[in-house]
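Biologist: I have a sequence and a structure open side by side, and I'd like to learn how to read them. Please walk me through it.

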Amino acid sequence: MCALALLGGSKAKSKPFPVWPYYDEREEKALKEVLESRIWWRTPGTKTLEFERAFAAFHGARHGIAVTNGTAALEVAMAGLGITAGDEVILPNFTFVATASAVLFANALPVLVDVDPETYCINPDLVEAAITPRTKAIIAVHMGGHPADLDRLKEIASSKGLALVEDSSHAHASEWRGQRIGTFGVAGTFSFQASKLITAGEGGMIISNDDKFEVQARSVHDCGRMPGQWFYSHYIYGSNYRLSEWQGAVLNVQLGRLDEQTKRRHENARVLDRLLSEIPGITPQKLDERCTRNGQYAYIFHVNKKKFAKISTERFIAAMNAEGIPNQASYPPLHELDIFKSGEYRKRLSGKQAKQKHGFLKKKFPATQKAAWETVWIPQPVLLGDEEDMREIAAGLAKIQKNAKELA
Ligand SMILES: Cc1ncc(COP(=O)(O)O)c(C=O)c1O
């Protein structure tokens, strides 16, 4: 019998990983408080307000605006910046669709550029090359929790007069040179969807140290109202993106665990870096030395198929799952999504921009292709385990490498 679990051998990993989402009596108490207060919505409530303040302060920001999800956070950020028809926003081709769809929602053009082949975050050289007179903003995505090159991006944004937005949906509590991410540009956006580093099932946040932006964005998220004004005064175009009190209550409790959990995820990921680097054909996502803490939404590694008997990524993942190691899917390149391939995205644009050629869609994006199709992602709850868990993961992957020919 082969040693591989997929072919009938025993599993490398038998002890279960920590469950996610984690909760205890503190979430139960907070929810009960909301229930009994009968104040279940944000406007007169205190829980979401408290969470906004605490989450913003945790990330070194003066302002926090809680919204319904991470997609909404990006949409509100675009509206708060005044991004509109005819504008261009530069973002990585390798990300979840929301980073681009929020730009289309603002009727602007998302200009896709390739990522760094080692960190899988937006490549600043390509950002610089993609700037045109229509460019208004850059959205950086901190992929898997690893910050994009914030030194370069900040410098490019300020020298060219562009807004920098950090899509930090993967990067709660990540640090760059000892400073938590989210305030290197005008705005940082976060997601609290179920797989994220703190969660209420759904939820989102925008943080900022820019007072003008904050007033605009807060108004957009609350039907165009202005704080302190009569309830039925609506000054600008907005919508209802408010987060409920239930979610604010749960997230406030979850935030209390974030620092300790981030420390554990970061340290376990470094154990995996060491162990997996010894396996031929496996290369962990690079940890830039300026990343002083990685929130680790996922543990990402590249698999060189030549060292794995040329098996497909799907076959590798099947073998890994059989060993008891979970995975989560990587993202396909945005330019390969139907919305871009079919031209459907043009329906959001107008004037010349809707008709002209968008040459970037014809580019090859080699680093995005590598990140999309050749990396494997281990989800974050695994990193809340102990060192023995990490050793068992490494042993399972080493076993797959040694016996890869049997999978071919
Ligand atoms: C990079 C990135 N941006 C934005 C989002 C959107 O967040 P949500 O699912 O909360 O709308 C996600 C969600 O997975 C994401 O991964």
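**Reading the fold, one feature at a time**

Modeller: Start with one residue's contacts: leaving out residues up to four places away in sequence, Gly70 touches Ala98, Ser169, Thr189, Phe190, Ser191, Gln193 and Gly204. Two residues are in contact if their C-beta atoms, placed from the backbone, lie within 7 Å. Keep in mind that this is a predicted model, where local features need pLDDT of at least 70 and side-chain atom pairs count only at pLDDT 80 or more, while totals for chains, interfaces and linings use all residues. Residue numbers start from 1 along each chain as its sequence is written.

Biologist: How far apart are the C-alpha atoms of Gly70 and Gly204?

Modeller: They are separated by 4.5 Å, although the two residues sit 134 residues apart along the chain. Across the chain, 71% of the contacts with a separation of 6 or more are between residues 24 or more positions apart.

Biologist: Is Gly70 buried or exposed?

Modeller: We count neighbours: a residue is buried if 20 or more other C-beta atoms lie within 10 Å of its own, exposed if 12 or fewer, and partly exposed in between, with C-beta atoms placed from the backbone. Gly70 has 27 other C-beta atoms within 10 Å, so it is buried. Buried residues make up 49% of the 408 in the chain.

Biologist: And which helix is Gly70 found in?

Modeller: Helices (H or I, at least four residues) and strands (E, at least two) are DSSP runs, numbered from the N terminus. Gly70 is in α3. The chain has 14 helices and 12 strands. Its radius of gyration (taken over C-alpha atoms) is 22 Å, close to the 22 Å from the globule rule for 408 residues, so the chain is as compact as a globular protein of that length. That rule is 2.2 Å times the number of residues to the power 0.38.

Biologist: Which residues come nearest to the ligand?

Modeller: Here, "near" takes a C-beta atom, placed from the backbone, within 6 Å of the molecule. There are 14 residues around the ligand, and Asn69, Gly70, Thr71, Ser169 and Ser191 come nearest. Helices α3 (70-81) and α4 each supply at least two residues of that shell.

Biologist: How does the shell divide into nonpolar, polar and charged?

Modeller: Ala, Val, Leu, Ile, Met, Phe, Trp, Tyr, Cys and Pro count as nonpolar, Asp, Glu, Lys and Arg as charged, and the others, Gly among them, as polar. The shell has 3 nonpolar, 10 polar and 1 charged.

Biologist: Back to Gly204. What does strand β9 pair with?

Modeller: Two strands pair if DSSP finds at least two bridges between them. Strand β1 (residues 63-67) runs antiparallel to β9, with 5 bridges, and Gly64 has Ile207 as its bridge partner there. Strand β8 (residues 187-191) is also antiparallel to β9, with 4 bridges, and Ser191 is bridged to Gly204.

Biologist: Why is β9 (residues 204-208) described as largely enclosed?

Modeller: Because 5 of its 5 residues are buried. Gly204, Ile206 and Ser208 point one way, while Met205 and Ile207 point the other.

Biologist: Which strand pairs in the parallel sense with β3?

Modeller: That is β2 (residues 88-92), over 5 bridges; one of the partnerships is Pro92 with Val113. Add helix α4 (residues 97-105) between them and you get a right-handed β-α-β unit. Right-handed means that, with the strands pointing away from the viewer, the path from the first strand over the helix to the second runs clockwise. In β3 (residues 109-113), 5 of 5 residues are buried, and Val113 has 24 other C-beta atoms within 10 Å.

Biologist: What about odd backbone geometry?

Modeller: Most residues other than glycine have a negative phi, and most peptide bonds are trans. In this model, the Trp20 to Pro21 bond is cis, with omega near 0°, and Pro21 sits in the segment before α1 (25-37).

Biologist: Where does Ala309, with its positive phi of about 50°, have its place?

Modeller: In the loop between β11 (298-303) and α9 (313-322). Ala309 is partly exposed, with 15 other C-beta atoms within 10 Å. Phe365 also has a positive phi, near 50°, and lies in the loop between α11 (351-355) and α12 (366-374). Phe365 is buried, though, with 23 other C-beta atoms within 10 Å.
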